[in-house]
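Biologist: Could you walk me through this model before I go back to the bench? I would like to take it piece by piece.

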Amino acid sequence: PALSSLNAKLTTVPAGVVAVQDTLQYGAIGAGETARNANTVLLRSATQITKDSFKLGRGYKWTVSTQP
């Protein structure tokens with residue numbers, strides 16, 4: 001595989017949002033493969049977070065780390 005593992009951590013969220021579960025972990029990924037994950041990210045907010053606002057990515061930052 002091109003990577004033996006990959007982690008994606010949600011390191012920044014918009015004001016008023018708390019990342020309760022913030023990390024996605026992936027196993028081996030081959031070159032050119034699409035990685036799928038059964039885990040979920042859990043966010044909490046006093047106001048509704050719409051799918052569209054999350055898809056646009058405004059206010060969210062991910063940090064990705066890999067192991068060759």
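Modeller: We can go from the overall layout to the sheet, and then to single residues.

Biologist: Before that, what kind of model is it?

Modeller: This is a predicted model, and the values I quote are computed from it.

Biologist: Fine. How many helices and strands does the chain have?

Modeller: There are one helix and five strands in the chain, and read from the N terminus the elements follow the order β-β-β-β-α-β.

Biologist: And what is its radius of gyration, set against a compact globule?

Modeller: The chain has a radius of gyration of 14 Å, whereas a compact globule of 68 residues would come out near 11 Å. Along the principal axes, the C-alpha atoms fill a box of roughly 40 × 20 × 20 Å, and buried residues account for 15% of the 68 residues.

Biologist: On to the sheet, then. Which strands are in it, and in what order?

Modeller: It is an open sheet of three strands, arranged β3-β1-β5 with antiparallel pairing. The strands β3 (23–26) and β5 (61–67) each have a single partner strand, so each of them stands at an edge with one side left without a neighbour in the sheet. Ignoring direction, neighbouring strands here are turned by 15 degrees against each other on average.

Biologist: What holds strands of a sheet together in general?

Modeller: Strands of a sheet pair through backbone hydrogen bonds, and they can do so parallel or antiparallel.

Biologist: How many bridges does β1 make with β5, and how many with β3?

Modeller: Seven bridges connect β1 to β5, while four connect strand β1, residues 5–12, to β3. On the β5 side, Ala8 has Val64 as its bridge partner. On the β3 side, Leu6 is opposite Tyr26, Asn7 has Gln25 as its bridge partner, and Lys9 is opposite Thr23.

Biologist: Staying with β3, which residues are on its covered face?

Modeller: Leu24 and Tyr26 make up the covered face of β3, and Thr23 and Gln25 the uncovered one. As a general point, side chains in a regular strand alternate between the two faces of the sheet.

Biologist: You mentioned Lys9. Which side chain does Lys9 meet in a salt bridge?

Modeller: The side chain of Lys9 forms a salt bridge with that of Asp22, at 2.9 Å from N to O. This links distant parts of the chain, since Asp22 is in the loop between β2 (17–21) and β3 while Lys9 is in strand β1, 13 residues apart. A search of the whole structure finds one salt bridge.

Biologist: Is Lys9 buried or partly exposed?

Modeller: Lys9 is partly exposed, and its relative accessible area is 37%.

Biologist: Changing topic, which residues form the nonpolar patch on the surface?

Modeller: That patch is formed by Val18, Val20 and Leu42, which together have about 220 Å² of accessible area. Of these, Leu42 is placed in strand β4, residues 42–45.

Biologist: Why can Leu42 count towards a surface patch?

Modeller: Leu42 is partly exposed with a relative accessible area of 31%, and patch residues need over 30%, so Leu42 passes that cut-off.

Conventions. Residues numbered from 1 in each chain as written. Predicted model: local features only at pLDDT ≥ 70, side-chain atom pairs only at ≥ 80, totals over all residues. Heavy atoms only, no water. Patch = residues over 30% accessible without salt bridge, like charges linked within 9 Å, V, L, I, M, F, W, Y side chains within 5 Å. Areas by Shrake-Rupley, 256 points an atom, 1.4 Å probe, with all protein chains shown as cover. Salt bridge = Lys/Arg side-chain N within 4 Å of Asp/Glu carboxyl O. Helix = DSSP H or I, 4+ residues; strand = E, 2+ residues; numbered from the N terminus. Buried < 20%, exposed > 50% of the residue type's maximum accessible area, 1.4 Å probe, protein only. Pairing = 2+ DSSP bridges. Axes fitted to C-alpha atoms, helices over the stretch in contact; angles between N-to-C directions. Rg over C-alpha atoms; globule rule 2.2 N^0.38 Å.
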